[in-house]
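Work through the exercises below with the sequence and the coordinates at hand. Each task is followed by a stepwise solution.

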Amino acid sequence: EWSDGLIGSKGSGARAPLRWGENNNQRRRLESLERNLIEELVINSESPRLSLQEVGAEFIGTFILIFAGTAIAIVNQKTQASETLIGCADSTGLAVMIVILSTSHIFYANLNPVV
């Protein structure tokens, strides 16, 4: 059973953790660490530079993936569902494989169809 509702303060005599503000030195140190971490992340961070070739490769790859995925579904509907679900999935998977193999040397197969 918990003695006073704090984690770690079990009835066996375990010391309860400090509450926020009980120790001002600890609070100031945590605030300083947080401020230093934010400064390091914001000020010293280098944003990645994308080349026009990488942006173009991702655009073309995403276009091919979306085009192939929707084209398969449209063709399947026009031919009265002559292709099975496995065929649709295989066709889209083949499109992904082709895009990855053709553009992986440019931007390491970072294909993002959500964008």
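**Exercise 1.** What span should the 23 residues of helix 3 have at 1.5 Å a residue, and how far apart are the end C-alpha atoms?

Solution. The model is a predicted one.
- Step 1: the expected span is 1.5 Å times one less than the number of residues, so the 23 residues of helix 3 should cover 33 Å.
- Step 2: the end C-alpha atoms of helix 3 are 31 Å apart, which agrees with the expected span.
- Step 3: look along the axis as well; helix 3 has a kink of about 40 degrees, centred on L101.
- Step 4: go past the end of the helix, where Y108 follows with a positive phi, near 60 degrees.

**Exercise 2.** Repeat the length check for helix 2 (residues 52-78).

Solution.
- Step 1: helix 2 has 27 residues, which at 1.5 Å a residue should span 39 Å.
- Step 2: its end C-alpha atoms lie 38 Å apart, in agreement with that value.
- Step 3: just after helix 2 comes Q80, with a positive phi of about 55 degrees.

**Exercise 3.** Determine which residues of helix 2 and helix 3 are buried, and what covers them.

Solution.
- Step 1: apply the cut-off for burial, under 20% relative accessible area.
- Step 2: in helix 2 this selects A57, G61, T62, L65, A68, I72 and N76.
- Step 3: in helix 3 the buried residues are G87, C88, A95, V99, T103, I106 and F107.
- Step 4: the cover over the buried residues of helix 2 includes helix 3 (85-107), and the buried residues of helix 3 pack against helix 2.

**Exercise 4.** Classify N76 as buried or exposed, and list its contacts beyond four places in sequence.

Solution.
- Step 1: locate N76, which belongs to helix 2.
- Step 2: N76 has a relative accessible area of 15%, so it counts as buried.
- Step 3: with neighbours within four places in sequence set aside, N76 is in contact with A81, S82, E83 and C88.
- Step 4: one of these partners, C88, is itself among the buried residues of helix 3.

**Exercise 5.** Summarise the protein as a whole: what are its secondary structure, burial, contacts and surface?

Solution.
- Step 1: the secondary structure comprises 3 helices and 0 strands, in the order α-α-α along the sequence.
- Step 2: of the 115 residues, 15% are buried.
- Step 3: among contacts with a separation of 6 or more, 41% join residues 24 or more positions apart.
- Step 4: the exposed area is about 9500 Å², with 61% of it supplied by carbon and sulfur atoms.

Terms used: Residues numbered from 1 in each chain as written. Predicted model: local features only at pLDDT ≥ 70, side-chain atom pairs only at ≥ 80, totals over all residues. Heavy atoms only, no water. Helix = DSSP H or I, 4+ residues; strand = E, 2+ residues; numbered from the N terminus. Buried < 20%, exposed > 50% of the residue type's maximum accessible area, 1.4 Å probe, protein only. Contact = heavy atoms within 4.5 Å. Areas by Shrake-Rupley, 256 points an atom, 1.4 Å probe, with all protein chains shown as cover. Bend = angle between axes of the 7 residues up to and from the residue.
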